[in-house]
Every structure is written in structure tokens, then in C-alpha cells.
Amino acid sequence: AETAEQTRKMEQANEEMMIACENQRDEYARKLREVEEENTKERKKLERLLQSKSVLEKEKSTYQTRLQESQSSLLTCKSQKDTIEQKLTEMARKHSAYVKQTELSLVRAKFLESELQ
């Protein structure tokens with residue numbers, strides 16, 4: 001009878017141990033699902049961030065290209081401005097010389113006119 005009691009107690013302890021193990025297994029499975037769900041959410045966030053990064057890098061490249069084009073255009077405009085200013089300065093010098101020459105011609109003409117009278 002004592003052996004049967006010990007066997008029953010061992011079977012009961014074994015059953016309790018099995019239930020505890022099953023409960024622990026269920027708890028670990030639940031925690032694993034939670035971690036997998038969190039990993040899935042984080043993976044989706046990461047994918048969106050990577051897509052955003054890719055879009056931003058393309059936009060950055062586009063804007064850098066536009067900036068380079070604008071800088072090149074600005075240099076061309078500055079060069080053209082310098083050329084135009086040089087031409088205007090030369091035209092102003094020639095005009096000034098022409099005005100002086102015309103004034104001298106008028107003075108001579110008046111002198112000659114007064115000489116003729």
C-alpha cells in the first residue's frame with residue numbers, strides 16, 4: 001500500500017510537473033509571438049525608413065545637379081556681364097572721344113567762319 005501511495009504521489013507530482021511545463025511552454029510561445037509581432041512591426045518601420053531614405057537620396061541628387069547647373073549658369077552670366085561692361089566702357093570711351101572730336105570740329109568751324117567774315 002505504501003508503494004502504491006508513493007507511485008500515486010509520483011504520478012501526481014509528474015502530472016503537476018507536466019502541467020507546469022505545458023504552462024511554461026505556452027507562456028514562452030505567447031512571448032515568442034509577441035516578440036515576432038514586434039519584430040514584424042519594426043521590420044516594416046525599417047522598410048519604410050529605407051524607402052524614405054532612397055527617395056531622399058534621389059531628391060538630394062536631383063537638387064545637387066540643379067545646384068551645379070545653376071552655379072554654372074551663374075558663372076556664365078557673370079562672364080557675360082563682365083564682357084558687356086567692358087564693351088560699354090569701350091563704347092563710352094569712343095563716344096567721349098567722338099564728342100571731343102566733334103567739339104573741336106565745331107570750334108574750328110566757328111573759327112573758320114569768323115575768319116571768313
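The following exchange examines a predicted model of a protein chain.

Biologist: How many helices and how many strands does the protein chain have?

Modeller: The secondary structure of this predicted model is brief to describe. Strands number 0 in the protein chain, and the helix count is 1.

Biologist: Why is the protein chain described as more spread out than a compact globule?

Modeller: For 117 residues the globule rule gives 13 Å. The C-alpha trace spans about 170 × 15 × 15 Å along its principal axes. The chain is more spread out than a compact globule because its radius of gyration is well over the value from the rule, at 49 Å.

Biologist: What percentage of the residues count as buried?

Modeller: A residue is buried when its relative accessible area is under 20%. The protein chain exposes about 11,300 Å², of which carbon and sulfur atoms supply 57%. Of its 117 residues, the share that counts as buried is 0%.

Biologist: How far apart do the centres of the positive and negative side chains lie?

Modeller: The protein chain carries 23 positive side chains and 23 negative side chains. Taking the centre of each set, the separation between the two is 12 Å.

Biologist: How many disulfides does the structure hold?

Modeller: A disulfide covalently links the sulfur atoms of two cysteines. Cys21 is partly exposed at a relative accessible area of 42%, and Cys77 is partly exposed at 43%. The number of disulfides in the structure is 0.

Biologist: Which residue forms a salt bridge with Arg30?

Modeller: The closest N and O atoms of this pair are 2.3 Å apart, and the cut-off for a salt bridge is 4 Å. Both residues lie in helix H1, which covers residues 2-116, and they are 3 residues apart, about one turn of the helix. Arg30 is partly exposed, with 32% relative accessible area, and its partner is partly exposed at 31%. That partner is Glu27.

Biologist: What is the distance between the closest N and O atoms of Lys45 and Glu42?

Modeller: Lys45 and Glu42 both belong to helix H1, where 3 residues, about one turn of the helix, set them apart. Lys45 has a relative accessible area of 41% and is partly exposed; Glu42 is also partly exposed, at 36%. The two residues form a salt bridge, and its closest N and O atoms are separated by 3.5 Å.

Biologist: Which residue of helix H1 forms a salt bridge with Lys81, and which residues do shared salt-bridge partners join into one network?

Modeller: Lys81 and its partner are 4 residues apart in helix H1, and therefore about one helical turn separates them. Lys81 is partly exposed at 48%, whereas the partner, Glu85, is partly exposed at 39%. Elsewhere, salt bridges with shared partners produce one network. The names asked for are Glu85 for the salt bridge with Lys81, and Glu27, Arg30 and Glu34 for the network.

Biologist: How many salt bridges does the structure hold?

Modeller: Among them are the pairs Arg30 with Glu27, Lys45 with Glu42 and Lys81 with Glu85. For the structure as a whole, the number of salt bridges is 8.

Biologist: How far apart in space are Glu69 and Lys41, C-alpha to C-alpha?

Modeller: Glu69 is found in helix H1. Its relative accessible area is 52%, and because exposed means over 50%, Glu69 counts as exposed. In sequence, Glu69 and Lys41 are 28 residues apart, and their C-alpha separation in space is 42 Å.

Technical notes
Residues numbered from 1 in each chain as written. Predicted model: local features only at pLDDT ≥ 70, side-chain atom pairs only at ≥ 80, totals over all residues. Heavy atoms only, no water. Helix = DSSP H or I, 4+ residues; strand = E, 2+ residues; numbered from the N terminus. Rg over C-alpha atoms; globule rule 2.2 N^0.38 Å. Buried < 20%, exposed > 50% of the residue type's maximum accessible area, 1.4 Å probe, protein only. Areas by Shrake-Rupley, 256 points an atom, 1.4 Å probe, with all protein chains shown as cover. Lys, Arg positive; Asp, Glu negative; His and termini not counted. Charge placed at Lys NZ, Arg CZ, Asp CG, Glu CD. Disulfide = S-S within 2.5 Å. Salt bridge = Lys/Arg side-chain N within 4 Å of Asp/Glu carboxyl O.
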